[in-house]
Amino acid sequence: MPLAAGGGDVAAILLELGAIVVALAVLARVASRTGFSPIPLYLVAGLVVGVVDDPTFSGDFIEVGAQIGVVLLLFMLGLEYTGQELASGLKASLPSGVVDAVLNFLPGLVAGFALGWGWLAALLLGGITYVSSSGIVAKLLRDFGRLGNRETPAILSILVLEDLAMAFYLPLVAVLLVGGGLVAGISSIVIAVAAAGLALVIAIRFGERLSRVVFHRSDEVLLLSTLGIVLVIAGAAEKLQVSAAVGAFLVGIAVSGQVAERAEVLLSPLRDLFAATFFVFFGLQIDLGERAGVLAAAAGLAVVTVLTK
């Protein structure tokens, strides 16, 4: 149902969204007082809402809100680092990234075969256990005040390596799922890798020029310019089978100086709002009834991957 289907529908949507935001505010207060991350609370809130009531707002609206949350989280995380720091971090973390891939892809692959699934389904599960949630990691680093820690650049480098690896993995799997051939898969991979490489080069070599173009004395102009560029690059990255999170992160890396300082202040409220929305809507889309039969296997796999992560 479209968001503006009718006056009564709009009123119901606003009431539901308002109630959810108020609930998130209460959960954020609880998390703040206890020193606990609000992420699990947001996820549980989404699960409860999905079980108790079928929300009126559309699935497209949910998906867009969630994606904006991830994009802003990764953009703001990218503002903390320069292109040179990213390049040196990726180079130094490459061996760790290989170990990360081996340790975390194998549990899902083995579990898929153990459950009697086919090779393609097992391959998909391996990718799920390998890649980390960029949004969750970014949120946890900020919640626990660990952005300035010495190990954080290494964590971020591995996270970026995982997302860049998805530039190989996702196009290949997408082609295989629709029954495409190896040539089509390789073509998709080449396009995705070229797009990721181009974005990385632009972020590292032309970041200062981009910052000068975006800069403006007006907060309104700067806010709209920055947000627009972030969304456009993230969307283009997603279109080319590169993670939207990687695109947003690289824009954050490219932005520097006064633009980075003011963008962080201007976009922080939007980041917090949409990040909370992302986690509650993530929980909202989970149907516990459909997953009851695999909860035991999922719990066992979770224990294993906690150790490998």
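## Surface and interior

Let's start on the outside: the accessible surface of the protein comes to about 16,400 Å², and carbon and sulfur atoms account for 70% of that area. Keep in mind as you look around that this is a predicted model.

Now for the inside. The protein has 309 residues, and 38% of them count as buried.

## Overall build

What kinds of elements will you find here, and how many helices and strands are there? The protein has 14 helices and zero strands. If you walk along the chain from the N terminus, the elements run α-α-α-α-α-α-α-α-α-α-α-α-α-α.

Contacts also tell us about the fold. Take the contacts between residues at least 6 apart in sequence: 79% of these join residues at least 24 apart.

## A closer look at α4 and α5

Try finding helix α4, residues 83–114, and helix α5, residues 119–130. Their axes come within 7 Å and cross at roughly 140 degrees. Angles over 145 degrees would count as roughly antiparallel, and 65 to 115 as roughly perpendicular, so α4 and α5 are oblique to each other. Their crossing is right-handed.

Which residues make the contact? On α4 they are D100, A101, N104, F105, P107, G108, L109, A111, G112 and F113. On α5 they are W119, A122, L123, L125, G126, G127, T129 and Y130. Sorted by class, the contact of α4 with α5 has eleven nonpolar, six polar and one charged residues.

Definitions and conventions: Residues numbered from 1 in each chain as written. Predicted model: local features only at pLDDT ≥ 70, side-chain atom pairs only at ≥ 80, totals over all residues. Heavy atoms only, no water. Axes fitted to C-alpha atoms, helices over the stretch in contact; angles between N-to-C directions. Helix = DSSP H or I, 4+ residues; strand = E, 2+ residues; numbered from the N terminus. Parallel < 35°, antiparallel > 145°, perpendicular 65-115°, else oblique. Left-handed = near helix turned anticlockwise from the far one by under 90°. Contact = heavy atoms within 4.5 Å. Nonpolar A, V, L, I, M, F, W, Y, C, P; charged D, E, K, R; others polar. Buried < 20%, exposed > 50% of the residue type's maximum accessible area, 1.4 Å probe, protein only. Areas by Shrake-Rupley, 256 points an atom, 1.4 Å probe, with all protein chains shown as cover.
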